[in-house]
Amino acid sequence: MNKATVTAFEARVAEKVAERKAKMAEASMDLLDNEAFMETQARIANLSNEISKLDIIIHQLNTNITPFIAKDGSKYSVRVFPVTQFGMGLDKLIGIITGSASAFTDEMAMQYEAIVGVPFTELQITNQILGTVDYVNKDGIYIEGSRTIHKQEIHDSIDSNEPLAGFKAVRKWETNNIDELYMLLQSITVKLELYEILPSKEKLTELVNKWEQTAIRRAKKQLEEIEKSQQLSTSNEFTLED
């Protein structure tokens with residue numbers, strides 16, 4: 001292209017860019033009158049603010065509470081982590097609730113309550129009702145959470161061809177405790193002025209079950225890896241002896 005052609009081309013592109021911007025601006029103005037769109041934007045803004053608030057609380061809990069020093073010099077600090085299975089926002093609140101278990105002295109509990117802004121007893125009760133899930137400890141031992149009801153049935157379902165088949169059939173928790181848990185979470189979210197992160201009761205039940213199922217699968221996988229490692233170690237010992 002010669003110089004004149006290039007100039008004309010650039011001018012035409014600039015014209016089209018301006019037209020497109022004008023159309024987008026007009027569309028944006030139309031969206032301002034769309035109630036559903038504006039409600040969504042308001043919810044996103046609120047959720048973002050609530051997540052930031054919870055992030056600040058978690059940071060303060062992890063850094064500002066004085067650790068407990070045992071007589072043998074062991075140091076025990078409060079540790080709070082989001083529970084990812086509960087999804088955006090709620091994962092952080094559940095982490096704050098479950099993390100309250102690590103504040104096991106009166107002094108730590110007082111500091112925990114002051115930072116969170118919710119009575120420590122309420123956090124403890126909520127955590128107790130939520131329960132704990134299965135895990136493998138540092139010694140390689142499978143530890144069942146407080147939510148486990150029928151051990152043999154659960155482990156049979158894990159070992160079947162269809163993982164976690166009949167899972168809900170061996171869980172009485174979701175019908176017995178979900179109402180109480182939901183009311184406590186409502187109380188805590190109101191105290192913290194969190195209005196976007198708590199889902200419906202039905203969705204909460206799904207999330208709790210997802211959390212538990214994920215933990216069981218993870219623990220089972222860890223056991224399998226430990227067993228494989230032990231078998232490999234034993235095999236190597238026999239090889240060396242030969």
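# A walk through the model, starting at Leu192

Let's start at Leu192, which sits in the loop between helix H8 (178–191) and helix H9 (201–241). Keep in mind as you look around that this is a predicted model. Is Leu192 buried or exposed? Its relative accessible area is 7%, and buried means under 20%, so Leu192 counts as buried. What does Leu192 touch, once residues up to four places away in sequence are set aside? The answer is Lys53, Ile57, Leu93, Val116 and Val118. There's also a nice example of the chain folding back here: Leu192 and Glu50 are 142 residues apart in sequence, yet their C-alpha atoms are 9.0 Å apart in space.

Now hop over to another loop for a contrast. Ser146 is found between strand S4 (142–143) and helix H6 (151–159). With a relative accessibility of 53%, Ser146 lands over the 50% mark and therefore counts as exposed. Leaving out neighbours within four places in sequence, Ser146 is in contact with Gly131 and Thr132. You can also look for Gln128, 18 residues from Ser146 in sequence and 8.7 Å from it in space, going from C-alpha to C-alpha.

Time to step back and take in the whole protein. Nine helices and four strands make up its secondary structure. If you trace the chain along the sequence, you'll meet them in the pattern α-α-β-β-α-α-α-β-β-α-α-α-α. Of the 242 residues in the protein, 34% are buried, and Leu192 is one of the buried residues. What about contacts across the sequence? Among the contacts with a separation of 6 or more, 61% are between residues 24 or more positions apart. As for the outside, the accessible surface comes to about 15,600 Å², and carbon and sulfur atoms account for 54% of that.

Next up, the aromatic rings. A pair of aromatic rings is described by how far apart the centres are and by the angle of the planes. How many aromatic pairs does the count come to? It comes to five aromatic pairs. One pair to look at is Phe68 and Tyr76: the ring centres are 6.3 Å apart and the planes meet at 35 degrees, so this pair is tilted. Tyr76 also pairs with Phe104, and here the centres are 6.0 Å apart with the planes at 85 degrees, which makes the pair edge-to-face because that angle is over 60. This second pair links distant parts of the chain, with Tyr76 in strand S2 (residues 75–76) and Phe104 in the loop between H3 and helix H4 (106–116), 28 residues apart. Put the pairs together and Phe68, Tyr76 and Phe104 form a cluster. How accessible are these rings' residues? Phe68 has 33% relative accessibility, Tyr76 has 40% and Phe104 has 47%. Phe68 counts as partly exposed, as do Tyr76 and Phe104.

Finally, let's look for empty space. Rolling a probe the size of a water molecule over the atoms shows where such space is left. The largest pocket has a volume of about 360 Å³. Its lining is made of 17 residues, and nearest the pocket's centre are Val83, Thr98, Gly99, Val133 and Trp211. Which element gives the largest share of that lining? Helix H3 (residues 90–99) does, with three residues. Sorted by class, the lining of the largest pocket has eight nonpolar residues, eight polar ones and one charged.

Note on methods:
Residues are numbered from 1 along each chain as its sequence is written. This is a predicted model: local features need pLDDT of at least 70, side-chain atom pairs count only at pLDDT 80 or more; totals for chains, interfaces and linings use all residues. Side-chain values use heavy atoms; hydrogens and water are left out. On a 1 Å grid over the protein atoms alone, a cavity is a set of points where a 1.4 Å probe fits but cannot get out, and a pocket is an open set with protein on both sides within 12 Å along at least five of seven lines; lining residues have an atom within 4 Å of a point. Grid points are joined across faces, edges and corners, and a volume is the space filled by probe spheres set on the points. Helices (H or I, at least four residues) and strands (E, at least two) are DSSP runs, numbered from the N terminus. Ala, Val, Leu, Ile, Met, Phe, Trp, Tyr, Cys and Pro count as nonpolar, Asp, Glu, Lys and Arg as charged, and the others, Gly among them, as polar. Buried means under 20% relative accessible area, exposed over 50%, partly exposed in between (1.4 Å probe, protein chains only). Contact means heavy atoms within 4.5 Å. Accessible areas come from the Shrake-Rupley method with a 1.4 Å probe; for residues, only the protein chains shown count as cover. Rings of Phe, Tyr and Trp (its six-membered ring) pair if their centres lie within 6.5 Å; planes under 30 degrees apart count as stacked, over 60 as edge-to-face and the rest as tilted.
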